[in-house]
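Visitor: I have the sequence and the model open on my screen. Could you walk me through the fold, one question at a time?

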Amino acid sequence: MPKFRALDKVDRKLLNLLQKDNQTPTRTLAEKVHISQPTCLRRIRELRESGIISADVALVDPFALGYGMLAFLEVSLNNQSDEQMQEFEARMAKEPEVMQCYFVSGEYDYFLVVHVIDMDAYYQFVRKVISGSGNVRHFQSRFPMKRAKFATRIAFDEKAAELQVRVAK
């Protein structure tokens, strides 16, 4: 049974601030949310322990590093047994080019976000990972022309009294 936790206004304000810059000193965060520094540290630790904060990472711009090609792949499998789907998901998790992998409803089974250096690298990826898997019936590639928006932040309403959320741990 899933566990739930209430996020009060302070928790949501902390989450909004940390999503903008998780390197903000605790002293500064505490001042901005009007709590003591030890209370701020405790709350952040509880958010991490409950799985609400799942990772503290640096977002790297792949385009700045020369990874100039983004592709969206829709993939249909020949065999959709649970075992075959788990195997596909495990393989995609190991592939460094696969940034995201979703099991989806509709005509296709999976939606992948793939980032590579160029078309040749994409071709090699498709040959090795997609076509070479033996269980892919069909795939379709889409290439974005322009990134109009990219965000990783979940915007929390800081005015509501509390918000019930499911926790991972």
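Visitor: What is the order of the strands in the open sheet?

Guide: Happy to start there, with the reminder that this is a predicted model. The open sheet has four strands, and their pairing is antiparallel. From one strand to the next, the twist averages 20°. Read across the sheet, the order is β3-β4-β2-β5.

Visitor: Which strands stand at the edges of that sheet?

Guide: Look for strands with a single partner, because one side of each is then left without a neighbour in the sheet. That description fits the two ends of the order β3-β4-β2-β5. The edge strands are therefore β3 and β5, the latter covering residues 136–142.

Visitor: How many bridges join β3 to β4?

Guide: Strand β3 covers residues 98–103 and strand β4 covers residues 110–116, and the two run antiparallel. Within this pair, Gln100 stands opposite Val113, and Cys101 stands opposite Leu112. The number of bridges joining the two strands is five.

Visitor: Which residue in the turn between β3 and β4 has a positive phi?

Guide: These two strands form a hairpin, with six residues between them. In that turn, one residue has a positive phi of about 110°. You will find it at Gly106.

Visitor: Which residues is Met99 in contact with, leaving aside its neighbours within four places in sequence?

Guide: Met99 lies in strand β3. Glu83 is 16 residues apart from Met99 along the chain, and their C-alpha atoms are separated by 22 Å. With contact taken as heavy atoms within 4.5 Å, the partners of Met99 are Val113 and His115.

Visitor: Which helix lies across β2, β3, β4 and β5?

Guide: The helix to look for covers residues 119–130. Relative to β2, which spans 69–77, this helix runs at about 20°. Its name is α5.

Visitor: Now to the helices. Are α1 and α2 parallel, antiparallel, perpendicular or oblique to each other?

Guide: Two packed helices are described by the angle between their axes and the distance between the axes. Helix α1 (residues 9–20) and helix α2 (residues 26–33) have axes that come within 10 Å and cross at roughly 135°, and α1 passes α2 in a right-handed crossing. Angles from 65 to 115 degrees count as roughly perpendicular and those over 145 as roughly antiparallel. The two helices are therefore oblique.

Visitor: How many charged residues are in the contact of α1 with α2?

Guide: From α1 come Val10, Lys13, Leu14, Leu17 and Leu18, which meet Leu29, Lys32 and Val33 in α2. Six of the contact residues are nonpolar and none is polar. The charged ones number two.

Visitor: How do α2 and α3 stand to each other, perpendicular or parallel?

Guide: Helix α3 covers residues 37–49, and its axis comes within 8 Å of that of α2. The axes cross at roughly 100°. On the α2 side, the contact is made by Thr26, Arg27, Leu29 and Ala30, and on the α3 side by Gln37, Cys40, Leu41 and Ile44. With that crossing angle, α2 and α3 are therefore roughly perpendicular.

Visitor: How many nonpolar residues are in the contact of α1 with α3?

Guide: The axes of α1 and α3 come within 11 Å and cross at roughly 80°, which makes α1 roughly perpendicular to α3. Val10, Asp11, Leu14, Leu15 and Leu18 in α1 meet Cys40, Arg43, Ile44 and Leu47 in α3. No polar residue takes part, and two are charged. The nonpolar count is seven.

Visitor: Stepping back, what radius of gyration does the protein have?

Guide: The protein has five helices and six strands. Along its principal axes, the C-alpha trace spans about 55 × 40 × 25 Å. A compact globule of 169 residues would have a radius of gyration near 15 Å, but the value for this protein is 20 Å.

Methods. Residues are numbered from 1 along each chain as its sequence is written. This is a predicted model: local features need pLDDT of at least 70, side-chain atom pairs count only at pLDDT 80 or more; totals for chains, interfaces and linings use all residues. Side-chain values use heavy atoms; hydrogens and water are left out. Two strands pair if DSSP finds at least two bridges between them. Axes are lines fitted to C-alpha atoms, for helices over the stretch in contact, and angles run from 0 to 180 degrees between N-to-C directions. Angles under 35 degrees count as roughly parallel, over 145 as roughly antiparallel, 65 to 115 as roughly perpendicular and the rest as oblique. A crossing is left-handed if the near helix is turned anticlockwise from the far one by less than a right angle, and right-handed if clockwise. Ala, Val, Leu, Ile, Met, Phe, Trp, Tyr, Cys and Pro count as nonpolar, Asp, Glu, Lys and Arg as charged, and the others, Gly among them, as polar. The radius of gyration is taken over C-alpha atoms; the globule rule is 2.2 Å times the number of residues to the power 0.38.
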